[in-house]
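Q: Please take a close look at one part of this model, its strand pairing, and set it in the context of the domain assignment. Kindly give the cut-offs of each term that you use.

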Amino acid sequence: MIEVKNLFHSYKKNDEYAVNDVSFSIAKGEIFGFLGPSGAGKSTTQGILSGLLELQKGSILIEGKARNAYPDKTFFNRIGVGFERPNVYKKLSGYDNLKFHAALYDVKTEDPKILLNMVGLGEEGKKLAGEYSKGMMQRLGFARSMINHPDIWFLDEPTMGLDPSTGNKIKRIIRKRQSEGTTIFLTTHNMFVADELCDRVAFIVDGRIVAMDSPKNLKLKYGQPKVTVEYIEGGKLLSRELGMRDEEKQELEKFIAKHEIKTIHSGEPTLEEIFIKLTGRGLE
Ligand SMILES: Nc1ncnc2c1ncn2[C@@H]1O[C@H](COP(=O)(O)OP(=O)(O)OP(=O)(O)O)[C@@H](O)[C@H]1O
Ligand SMILES: [Mg+2]
């Protein structure tokens with residue numbers, strides 16, 4: 001569906017690259033995630049793909065055809081863009097924001113009321129967007145990004161700053177759209193979001209992709225399964241992490257035999273642990 005090859009971007013048009021030789025492809029109906037810390041180049045990549053930033057160097061094919069070969073309006077009609085800072089019209093109500101935005105498309109659009117309900121703003125539709133809280137504005141921006149029923153959907157940090165239950169609501173909508181065939185490019189520095197939602201994830205740091213696979217494969221390939229054992233020693237409850245690789249099993253058995261064990265939990269490594277292992281950097 002989307003094929004990106006050797007993408008570079010320099011804001012200063014010198015040899016300082018915010019995106020540095022990035023290549024990846026996204027299959028139709030896939031949720032593909034960019035996971036990386038602040039300043040990694042996630043939003044810049046989204047900006048280039050969605051047409052907000054010029055394509056300086058590299059190629060972007062959509063269904064085998066150069067993205068720039070599509071007339072602007074054709075492309076605009078089929079994509080949805082959720083920004084990291086939602087740029088809603090503050091002097092318009094939530095409802096009017098959606099109504100106004102819907103009028104910009106030549107394709108069938110969704111009923112603003114249904115979208116407002118979907119993102120939990122059904123009661124606040126008449127309120128001015130300028131009076132919305134940050135999370136409400138974020139949800140309005142999210143609703144706006146899907147008003148034209150995009151078949152390619154760009155989402156920049158879609159759940160950032162939302163409480164867990166609202167975040168889950170947004171995740172459910174994303175999954176539903178995926179099940180209807182929407183192809184989704186999602187950026188985040190939240191490993192849980194990447195893990196839960198993405199079919200494949202690219203780790204990005206300093207403008208470069210350092211690993212790319214399904215969350216499960218990344219864990220299998222780079223992570224080490226471990227066991228957390230809670231035990232009593234000197235009247236205190238202590239805990240210890242032990243490895244589960246073949247060469248570590250003996251140590252684990254010995255440890256269990258020697259101690260008064262209270263609980264044993266096995267756990268897989270998190271994407272963040274793998275990220276740190278591969279890049280030496282955390283995700284913040
Ligand atoms: N408009 C701009 N002008 C100049 N440099 C910019 C601009 N926007 C981003 N950059 C730089 O490009 C690099 C990548 O930024 P980008 O916004 O793509 O990162 P990000 O991964 O989205 O980070 P975050 O998680 O903080 O949103 C950073 O070094 C940033 O300072
Ligand atoms: Mg960003």
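A: Glu233 is bridged to Lys236, its partner in strand β12. The model is predicted, with local features requiring pLDDT of at least 70 and side-chain atom pairs counting only at pLDDT 80 or more, whereas totals for chains, interfaces and linings use all residues. Residues are numbered from 1 along each chain as its sequence is written, while chains are lettered from A and ligands numbered from 1 in the order in which they are written.

The bridge between Glu233 and Lys236 belongs to the antiparallel pairing of β11 (residues 226-233) with β12 (residues 236-243), which comprises 8 bridges. A strand here is a DSSP run of E with at least two residues, numbered from the N terminus, and two strands pair if DSSP finds at least two bridges between them. With 2 residues between them, β11 and β12 make a hairpin. In its turn, Gly234 adopts a positive phi of about 60°.

Strand β11 also pairs with β13 (residues 260-267), again in the antiparallel sense, through 7 bridges. One of the residues involved is Lys226, whose bridge partner in β13 is Gly267. Strand β11 is thus joined to β12 and to β13.

As for the wider context, the domain assignment divides the chain into domain 1 (2-220) and domain 2 (224-267). These bounds come from an automatic or database domain assignment. Between the C-alpha centres of domain 1 and domain 2 there is a distance of 43 Å.

Technical notes
Helices (H or I, at least four residues) and strands (E, at least two) are DSSP runs, numbered from the N terminus.
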